[in-house]
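I opened a fresh notebook page for this one. Come along as I look things up, one entry at a time.

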Amino acid sequence: MSSQPTAVVFAYHNVGVRSIKTLLARGIHIALVVTHEDNPTETIWFESVAALCQEHGIESITPADPKSADLAQRIAAIAPDFIFSFYYRHMLPVDLLALAKRGAYNLHGSLLPKYRGRVPVNWAVLRGETETGATLHEMAAKPDAGKIIAQTAVPILPDDTAYEVFGKLTVAAEQTLWYALPGLISGEYKALENKLSEGSYFGGRKPEDGRIDWSQSAQQVYNLHRAVAPPYPGAFFEQSGHHFIIQKARLSNLPTGNLPTGLHVVDNVALGVCGDGKALRIIELHCDGKPIPVNELKQLTGAA
């Protein structure tokens, strides 16, 4: 057995960057990195795996389909000890996973078995969770279903946005991988059952899912704002013929009286009044694609 284990890595995003650095620091030889081409329609607020590979002299490729026979042949020729997936956006086929002599492992952004599937951080914030975490697990045919190797929890504070939680998860993912790698390399680790019946699965989210329903409670609307706040597309609504996107908000203690739901200006404060009579204090707001100060809102929207 080689003294330096070899890996093929599928990676993207900040978690991909930090995890590759962690593998290198633990003495893993990375023979190939498979990543994504950046989508020109997406806001790229995260670090580049491809740029990191160029910096370290690691070959990286961006195949459109990870299920291609050419990619499988290439990985088979490398005969890696490990295959790792770090925020790569596609499922890897079972026959590809089987090419890793000492296992194939994925880092997932939740405390499995909770929040299997897509965008787990956004879903956790939307549903008002007070903690989440990073899980290193064996890859299997079903998404996020393999045995658990290690987990690290992080808190979700009441005003945290998904972006802020993702920053915590990037560190948690690095810690999880760092402490798990010696056991994976030596083969001396204990995998825990991933009890899917006790967890949950969620699909992807579209920008339209950020539409605000003011009839919901203030906490529900606030959770939506936090889950999709910039650099994500943002929670939005239409009023008086204008399109609004909330950039920054907090729960408000100001009285709303008998105001109907929706956007209002009270004592020069922008409020989003919700179905339970409580409100969001809107600190930053975009109207039709541009920032709008509070003193212009009343005239623009007829907000009372």
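Entry 1, a term I need. I call two strands paired if DSSP finds at least two bridges between them. The model I am reading is predicted.

Entry 2, a hairpin. I looked up S12 and strand S13 (residues 269-273), and they pair in the antiparallel sense over five bridges. Which residue of S13 is the bridge partner of Leu263? I found Gly272 in that place. Two residues lie between the strands of this hairpin, and I noted that Asp267 takes a positive phi near 50 degrees there.

Entry 3, burial. I asked myself why strand S12 (residues 262-266) counts as largely enclosed by the rest of the structure. Five of its five residues are buried, so that description fits S12. For the protein as a whole, I read that 48% of the 304 residues count as buried.

Entry 4, a cavity. My search of the whole structure turned up one cavity of 30 Å³ or more, and the largest cavity holds about 30 Å³ of space. Strand S5 (104-108) and helix H6 (162-186) are the elements that give two or more residues to its lining. I listed the lining residues, among them Val15, Tyr87, Leu107, His108 and Leu169. By class, I have six nonpolar, two polar and no charged residues in that lining.

Entry 5, the overall view. I have eight helices and 15 strands on my list for the protein. The C-alpha atoms fill a box of roughly 75 × 40 × 30 Å along the principal axes. I also noted an accessible surface of about 14600 Å², of which 50% belongs to carbon and sulfur atoms.

Methods:
Residues are numbered from 1 along each chain as its sequence is written. This is a predicted model: local features need pLDDT of at least 70, side-chain atom pairs count only at pLDDT 80 or more; totals for chains, interfaces and linings use all residues. Side-chain values use heavy atoms; hydrogens and water are left out. On a 1 Å grid over the protein atoms alone, a cavity is a set of points where a 1.4 Å probe fits but cannot get out, and a pocket is an open set with protein on both sides within 12 Å along at least five of seven lines; lining residues have an atom within 4 Å of a point. Grid points are joined across faces, edges and corners, and a volume is the space filled by probe spheres set on the points. Helices (H or I, at least four residues) and strands (E, at least two) are DSSP runs, numbered from the N terminus. Ala, Val, Leu, Ile, Met, Phe, Trp, Tyr, Cys and Pro count as nonpolar, Asp, Glu, Lys and Arg as charged, and the others, Gly among them, as polar. Buried means under 20% relative accessible area, exposed over 50%, partly exposed in between (1.4 Å probe, protein chains only). Accessible areas come from the Shrake-Rupley method with a 1.4 Å probe; for residues, only the protein chains shown count as cover.
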